[in-house]
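Student: I would like a close look at a single part of this model, followed by whatever else helps to place it. Please go through it residue by residue where you can.

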Amino acid sequence: MSTLKRSRRAVLLGTLAALALGATACSSSSSNPLDGGSTVAAGTSASGGATAAGGGSGSTVVVGSANFPENVLLGSIYSQALKAKGVKVEEKFNIGSREVLYGQLQSGNLTVLPEYNGALLAYLDSKATAVTTQDVNAALTKTLPASLAILDSSPAEDKDSLSVTQETADKYGLKSISDLTAKAGEFTIGGQPEFKSRREQQFKDVYGLTFKEWKPTADTTANALKDGSIQVGNVFTTDPKIVQYKLVPLTDPKNVFGAQNITPLVNKAGVDATATAALNAVSAKLDTAGLTGLMKRVAIDKEDPSAVAKDWLKANGLG
């Protein structure tokens with residue numbers, strides 16, 4: 001997942017918002033909540049087939065997703081959780097980017113989306129400064145139009161981390177970014193090419209960290225941690241390689257990386273108390289470690305997202 005693609009983009013309200021109700025939607029193969037992407041047909045399912053043309057009104061809840069595997073998985077979890085409570089559901093997965101999805105939710109063409117609260121706030125307000133889950137959600141509540149609402153945020157977050165190998169964590173007693181203070185001068189840190197320019201001064205100011213070297217490891221950051229060419233890496237917290245390579249994301253007690261809790265975004269007219277309760281129950285059970293394990297099954301083991309979602313719901317008493 002690319003840090004560059006996760007950069008906070010300016011809100012594209014003109015042409016892209018109009019496209020939201022048209023015949024096309026933005027798409028990308030990226031596993032990235034903020035990617036703009038290229039164009040595919042709107043209203044396609046995760047398998048690429050056309051879905052029915054239903055909307056968010058009436059008795060059918062239309063669950064959408066962005067066009068990357070994690071969001072499709074989350075959409076399937078939401079959809080199946082709703083069905084388990086007797087809610088009539090239509091799935092419109094793999095649609096495209098936030099610019100398109102947000103417009104479709106406003107129009108009622110979609111009813112429910114799995115969102116990332118910090119990224120959504122940045123999309124709506126590029127000057128927002130909230131970083132904690134509570135503050136981000138409070139700001140979102142004030143910023144969203146009256147037709148839309150966020151439901152309960154899950155503890156699960158897909159966000160930047162500084163990660164190390166289990167061996168490095170055990171050897172130096174590393175649990176949080178603060179614990180790097182004594183060793184940062186001996187460590188090489190890796191990440192996307194722009195990671196140094198964005199974060200170097202912030203790590204100095206907030207945590208007092210000065211690293212030995214910054215390497216542009218891009219999408220090979222987790223591999224570079226594994227082979228020892230770097231000691232600290234910028235890996236996203238639901239990257240399945242965290243599980244595959246047994247990496248340790250260090251906690252961020254001073255919130256250099258703002259909250260990115262997975263949060264249902266809904267068109268209020270399309271969800272009743274039953275649907276709301278079902279989605280909030282999912283949020284109560286979903287955590288980062290669990291989601292990372294699910295993403296390993298989807299991204300590395302190549303299992304079907306709907307089957308993975310079904311297993312998780314059953315294991316958590318929600319399916």
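Tutor: The model is predicted. Take helix α5, which spans residues 133-143; its buried residues are Val136, Asn137 and Leu140. These residues lie on the same side of α5, because the arc they cover around the axis is only 95°. On the face turned away from that buried side, α5 carries the exposed residues Gln134, Thr141 and Lys142. The packing partners of the buried residues of α5 are α4 (117-124) and β6 (148-150).

The sheet comes next. Five strands make up an open sheet with mixed pairing, and their order is β9-β8-β10-β7-β11. Its edges are β9 (213-216) and β11 (247-249); each has a single partner strand, so one side of each is left without a neighbour in the sheet. On average, and with direction ignored, neighbouring strands of this sheet are turned by 30° against each other. One pairing within it joins β8 (residues 188-191) to β10 (residues 232-234), in the parallel sense and over two bridges. Across this pairing, Ile189 stands opposite Val232 in β10. Helix α7, residues 195-207, lies across β7 (162-165), β8, β9 and β10, and runs at about 155° to β9.

Two buried helix residues can be examined in the same way. Ala169 belongs to helix α6, residues 166-172. Its relative accessibility is 6%, and Ala169 counts as buried because the cut-off is under 20%. Apart from neighbours within four places in sequence, Ala169 is in contact with Val164, Leu174 and Val248. Between the C-alpha atoms of Ala169 and Leu250 there are 8.8 Å, although the two residues are 81 residues apart along the chain.

The other residue is Gln80, in helix α2 (residues 69-84). Gln80 has a relative accessible area of 18% and is therefore also buried, as this is under 20%. Not counting residues up to four places away in sequence, Gln80 touches Ser306, Ala309, Lys310 and Leu313. For one of these, Lys310, the C-alpha atom is separated from that of Gln80 by 7.1 Å, with the two positions 230 residues apart along the chain.

To return to the part you asked about: the buried side of α5 is formed by Val136, Asn137 and Leu140, and these residues pack against α4 and β6.

Note on methods: Residues are numbered from 1 along each chain as its sequence is written. This is a predicted model: local features need pLDDT of at least 70, side-chain atom pairs count only at pLDDT 80 or more; totals for chains, interfaces and linings use all residues. Side-chain values use heavy atoms; hydrogens and water are left out. Buried means under 20% relative accessible area, exposed over 50%, partly exposed in between (1.4 Å probe, protein chains only). Helices (H or I, at least four residues) and strands (E, at least two) are DSSP runs, numbered from the N terminus. The arc is that of the directions from the helix axis to the C-beta atoms. Contact means heavy atoms within 4.5 Å. Two strands pair if DSSP finds at least two bridges between them. Axes are lines fitted to C-alpha atoms, for helices over the stretch in contact, and angles run from 0 to 180 degrees between N-to-C directions.
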